[in-house]
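Biologist: Could you take a close look with me at a single part of this model, and then follow what surrounds it? I would like to hear which residues are covered and which are open.

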Amino acid sequence: MSGENNQYLTTNEFAKLCGVTRHTLFHYDEIGILKPEFVKPNGYRYYSFKQFYLYDMIYILKQAGSSLREIKDYIGDYNPDHFLSILKQKEKQLEAEIKKTNLMRNKILATIDTTEKALHSVYGVPYIEESREEYYIVIKMTGYASGKEELEKLKEHFEYCDELSGESELLLGAIIEKKDILSEQYQKVAYYTSKIRSYIDSERLRVKKAGKYAVVIHKGPYSELHKSYEQLRAFIKESKMVIDGDSYEDDMLSHLAAVDSNEYVIKIQIPVISAGTCCEPD
């Protein structure tokens, strides 16, 4: 600019300097946090160079998570103590957000690992696996629950898991009790489960004991799990072993990754011991 206005910037010039749009400056003017230094009778708005520092303060507070209303309140009480108070408050909020983000990242990493294993697994071939001790958060089911009851239970379960310190994984699982396996009631879910990385003190914690498990990777809908159970039971009998506890079903590919239930992958794990060490019939 030239003449008497060479110390001022037009709206376009100031917007370019700040890296925002003219509409943003109009909005800031409207809500009273950054008004032009003066407005000519023809409606042209002009900003002073020193107002860039006010914009910079607004930008920093926005980046720290302050709302425009909070920024306006601060401008009305513009002093170092207030500024320090705001920054300390935002630091706590950012710390909580970082913690939340890291916890979700851990869940995602665990799900990536499980999904990759699902894609590279051999389906429908039973095998024996030595398993370490593992931990689950569980919710008790009432046998053959209705669809509505089941969803209400799952909602409660997910809410409980969200209250934990990010330990639970994204994928769901289930526990089928030994008595129901032996009576071929493979669809009778005793608990829904979410695996967690380590032991925590919770009334809903379920410890899967370390030991020997007969395992099969089932691919297909849940409605066909009975086929894999029958296959696994036959394998256990042929291996001269017997069932020694409840079955753990861990989703590896579920509705989160596949629309078609034929693509679902579930790991079925039944604890077993040698038949000669147990007198309970298979």
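Modeller: Gladly! Let me start with the cut-offs: a residue counts as buried under 20% relative accessible area, as exposed over 50%, and as partly exposed in between. Please keep in mind that this is a predicted model.

The part I would pick is strand β7, which runs over residues 191–196. The strand is mostly covered, with six of its six residues buried. In a regular strand the side chains alternate between the two faces of the sheet. Here, Tyr191, Thr193 and Lys195 point one way from β7, while Tyr192, Ser194 and Ile196 point the other way. Both sets are buried.

Now for the partners. Strand β5, residues 134–140, pairs with β7 in the antiparallel sense over six bridges. Strand β6, residues 168–176, also pairs with β7 in the antiparallel sense, over five bridges. Tyr192 is a handy marker for both pairings: Ile139 stands opposite Tyr192, and so does Ala174.

Just ahead of the strand, Val189 sits in the loop between α7 (178–182) and β7. Val189 counts as buried because its relative accessibility is 13%, which is under the 20% limit. If you measure across the model from there, the C-alpha atoms of Val189 and Ala96 are separated by 36 Å, the two residues being 93 apart along the chain.

Let me come back to Lys195, because it leads us to another strand. Lys195 is in contact with Asp250, a residue of strand β11. Asp250 has a relative accessible area of 9% and is therefore buried. Leaving aside neighbours within four places in sequence, the other contacts of Asp250 are Tyr136, Leu172, Gly173, Val265, Ile266, Lys267 and Gln269.

Beyond β11 (247–253), in the loop between this strand and β12 (265–274), you will find Leu256. Leu256 has a relative accessible area of 54%, so it is exposed; the limit for that class is over 50%. Leu256 belongs to a nonpolar patch on the surface, together with Met104, Ile108, Leu109, Ile112 and Leu170. Their accessible area together is about 500 Å². Helix α5, residues 80–119, gives the most to this patch, with four residues.

To sum up the view from your strand: β7 is buried along its six residues, with β5 pairing over six bridges and β6 over five.

Conventions
Residues numbered from 1 in each chain as written. Predicted model: local features only at pLDDT ≥ 70, side-chain atom pairs only at ≥ 80, totals over all residues. Heavy atoms only, no water. Buried < 20%, exposed > 50% of the residue type's maximum accessible area, 1.4 Å probe, protein only. Helix = DSSP H or I, 4+ residues; strand = E, 2+ residues; numbered from the N terminus. Pairing = 2+ DSSP bridges. Patch = residues over 30% accessible without salt bridge, like charges linked within 9 Å, V, L, I, M, F, W, Y side chains within 5 Å. Areas by Shrake-Rupley, 256 points an atom, 1.4 Å probe, with all protein chains shown as cover. Salt bridge = Lys/Arg side-chain N within 4 Å of Asp/Glu carboxyl O. Contact = heavy atoms within 4.5 Å.
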